[in-house]
Amino acid sequence: MNLGLAGRTALVTAATRGIGLAIARSLAAENVRVVIAARTKDDVERVAAELHGSGVPAELTGEEGCRAAVEACQGRLDILVNNLGLRAGTGWADTGVTQFEQAMAGNLYPAARLSLLALPLMRERGWGRIVVISSVFGRESGGAPAYNATKAAEISFATALAREVGRQGITVNAVAPGSILFPGGSWWRRREADPAGIAAFVERELPLGRFGTAEEVADAVTFLCSERAALINGACLPVDGGQSRSNI
Ligand SMILES: NC(=O)c1ccc[n+]([C@@H]2O[C@H](COP(=O)([O-])OP(=O)(O)OC[C@H]3O[C@@H](n4cnc5c(N)ncnc54)[C@H](OP(=O)(O)O)[C@@H]3O)[C@@H](O)[C@H]2O)c1
């Protein structure tokens, strides 16, 4: 299948590790010019060099960093992958309004800011792809309350924006990964701390009997960004091996 992505320009946020890095690599393999953004300058430079792309060190929880990321695309932005996702609080015992505000600042707000900044550049060319990386916990209850609320809000944001911009050649979709394991990531650290507990979790909750990989999420995202996915708009695609229990 020819994905028709060669020559496009993509901005992938939080792309020096984990799912974001895998997405950036997957798009670069399709000859997309990739621009990445994350906070740590050395990591941004290393990954940008690996991908023959470019990068900008940016704190993406604020307006300034989001503007810098879009400016780094130098006037052309066809694909935006809103991958940044930050947790705040773990359960109701350590979750209050502050954690809800922090979670919004690390999930929905950067996705909304960056999308609104990217849209004029996409409209100029009459083509665009926006993907928001949500979570299975945006589709159903479970996990951390503030994080979950923002992941659900991201899906709602993607669906609402999709209806607005579809006629302009721009699609907007959400992707809902299940539990994804990669070296140094959150599940990796949890497994290091509690191998037996995580083995039981895998047995109980993951129908494939294993975690997902960042590359498996990246493949789905790259397809959604492609010419071949033109009819997919306003969708939320679970990439979770059957982990989620939601019927919708
Ligand atoms: N991992 C999972 O199992 C899982 C499951 C469902 C959904 N998701 C979602 O998938 C997305 C990626 O998850 P992940 O686990 O791959 O993430 P991760 O490992 O926590 O992300 C690390 C990346 O985020 C960057 N980053 C962190 N804080 C930042 C900030 N304030 N501004 C800019 N960049 C920042 C890091 O670079 P610096 O530290 O240098 O800034 C690095 O590039 C998130 O939206 C997450 O909610 C993940």
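Salt bridges, counted wherever a side-chain nitrogen of Lys or Arg lies within 4 Å of a carboxyl oxygen of Asp or Glu, come to 11 in this predicted model. Local features here need pLDDT of at least 70 and side-chain atom pairs pLDDT 80 or more, while totals for chains, interfaces and linings use all residues. Residues are numbered from 1 along each chain as its sequence is written, and side-chain values use heavy atoms, with hydrogens and water left out.

One of these salt bridges joins the side chains of Lys41 and Glu45, at 3.0 Å from N to O. The two residues are 4 apart in helix H2 (residues 41-50), so about one helical turn separates Lys41 from Glu45. Helices (H or I, at least four residues) and strands (E, at least two) are DSSP runs numbered from the N terminus.

The loop between H2 and strand S3 (54-57) holds His52, a residue that is not a glycine yet has a positive phi of about 55 degrees. Ala14, also not a glycine, has a positive phi of about 55 degrees; its place is the loop between strand S1 (9-13) and H1.

Turning to the ligand, 28 residues surround it (a heavy atom within 4 Å), and Thr16, Arg39, Thr40, Asn83 and Tyr147 come nearest. By class, this shell has 14 nonpolar residues (Ala, Val, Leu, Ile, Met, Phe, Trp, Tyr, Cys and Pro), 4 charged ones (Asp, Glu, Lys and Arg) and 10 polar ones (the others, Gly among them).

Which atoms of Arg39 and Asn83 does the ligand meet at 2.7 Å? An oxygen atom of the ligand is 2.7 Å from an N or O atom in the Arg39 side chain, and an oxygen atom of the ligand is 2.7 Å from a polar backbone atom of Asn83. For Trp187, a side-chain N or O atom is 3.3 Å from a ligand oxygen. Taken alone, the ligand exposes 890 Å² (Shrake-Rupley method, 1.4 Å probe), and the protein buries 89% of that. Helix H1 (18-29) and helix H7 (145-165) are the elements giving two or more residues to the shell around the ligand.

Methods:
Polar contact = N/O pair within 3.5 Å; in protein donor to acceptor, adjacent residues only side chain to side chain.
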